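Please look over the model below together with these notes, which go from the whole chain to a few chosen residues. Each point explains its terms where they are first needed.

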Amino acid sequence: MKISNVSFINICKVPQFRGLTGGGNYSSMSLSQEALNAMSTKDIFAYMEAQTAATKAQIPPKDLYSLYGAEHRLFIFEDGVEPYFGKNTVDFNFDFLTRKPLELKEAGAHGFSKEAREQSNTFAKDKIPFDVKLTDGFRWHGTGSVFDGKGNDTARSDRKREIIIVDRKNDEILTKAIENFKKGLEGKGLSEKQTAVQMFYFIDKIFNRTPRSDDDFDNFADKMRHTPPKEVLLGDIMNDGMGVCRHKSMLAKVLSDEVGIRMSVMSNEKH
């Protein structure tokens, strides 16, 4: 069965393909492309919540989720439920992660081309479309952002959230993640569905540093809260290993573009 599109929300939707992980970081929807296009973001999230509740009613949450949703997950495909409890089929190399403590920089510290600025402002909405590949230097600071030429969000300077930068050319960790992900898939002969499953596994392993505690999460969140907001490369968040749903969504978009899976990113203001 071919996956026609994959969409990451800070949960996640997918026609013909559905994945659930702990904390609601990804998820997807078994709907046609036409149905997805006709739905508002609000309707999509309502649908997701209903589907998640229905799934939990059938399968005990303890069988769905591990503590951090890393390897114990359930995938629901059009042709039935398929649990992947740690059954990764690819032995990915994660040696590129040094787990260096996260440091944010003042907005404007990284380069910001005209093309990246235009794309960042154009898609500072609740959806980054399927067929848009993120330009190096792309910034994400949630919906409603308006970036100036230096990378400052002039419309949402009061938002206490980091500005995420996607930049393959100048982000060593992100570049190595792409290389290792693609290398791990070489010669495996995986279907598109299997590739998507392995991508979720790869992303979870990057963002699930162990050991960690609730205090680690609180410290991570505190680092992200600045007024005015500071900026950070996606790879630096990956290297820290404490990312949340918006960071996983951005990495999923980048990896999907690299391996030819059509994916859109959908956002909500909760995350």
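1. Buried residues, meaning those under 20% relative accessible area (exposed is over 50% and partly exposed lies in between, with a 1.4 Å probe and protein chains only), make up 52% of the 271 residues in the chain. The model is a predicted one, in which local features need pLDDT of at least 70 and side-chain atom pairs count only at pLDDT 80 or more, whereas totals for chains, interfaces and linings use all residues. Residues are numbered from 1 along each chain as its sequence is written, and side-chain values use heavy atoms, with hydrogens and water left out.

2. The chain holds nine helices and eleven strands, where helices (H or I, at least four residues) and strands (E, at least two) are DSSP runs numbered from the N terminus. Contact here means heavy atoms within 4.5 Å, and of the contacts in the chain with a separation of 6 or more, 67% are between residues 24 or more positions apart.

3. The largest nonpolar core, that is, a set of buried Ala, Val, Leu, Ile, Met, Phe, Trp, Tyr and Cys residues joined through side-chain atoms within 4.5 Å, has 42 residues, and those with the most contacts inside it are F202, I206, M238, M250 and L251. Elements that each supply at least two residues of this core include β8 (138-140), β9, α5, α6 (192-206) and α9 (245-259). In soluble globular proteins, nonpolar side chains tend to be buried together. M238 touches, among others, I173, L174, I206 and L251, when residues up to four places away in sequence are not counted.

4. What is the situation of D171, which lies in the loop between β9 (163-166) and α5 (172-185)? D171 is buried yet has no salt bridge, and R168, the nearest side chain of opposite charge, is 9.7 Å away; for this purpose Lys and Arg count as positive and Asp and Glu as negative, while His and the chain ends are not counted. A polar atom of the D171 side chain does lie 3.2 Å from the backbone nitrogen of L174. Leaving out residues up to four places away in sequence, D171 touches L233, L234, G235 and D236.

5. A salt bridge is a side-chain nitrogen of Lys or Arg within 4 Å of a carboxyl oxygen of Asp or Glu, and by this rule the count comes to ten salt bridges. One of them joins the side chains of D136 and R168 (3.1 Å, N to O). This pair links distant parts of the chain, with D136 in the loop between β7 (127-128) and β8, and R168 in the loop between β9 and α5, 32 residues apart. D136 counts as partly exposed because its relative accessibility is 21%, whereas R168 counts as buried because its relative accessibility is 13%.

6. Are the partners in the salt bridge between E231 and R139 (3.3 Å, N to O) buried or exposed? E231 is buried, with a relative accessible area of 0%, and R139 is buried with a relative accessible area of 0%.

7. D257 forms a salt bridge with K253, and their closest N and O atoms are 3.3 Å apart. D257 and K253 are four residues apart in helix α9, so they are separated by about one helical turn. Elsewhere, salt bridges that share partners join D136, R168, K182 and E258 into one network.

Technical notes
A polar contact is a pair of N or O atoms within 3.5 Å; within protein, one must be able to donate a hydrogen and the other to accept it, and residues adjacent in sequence count only if both atoms are side-chain atoms.
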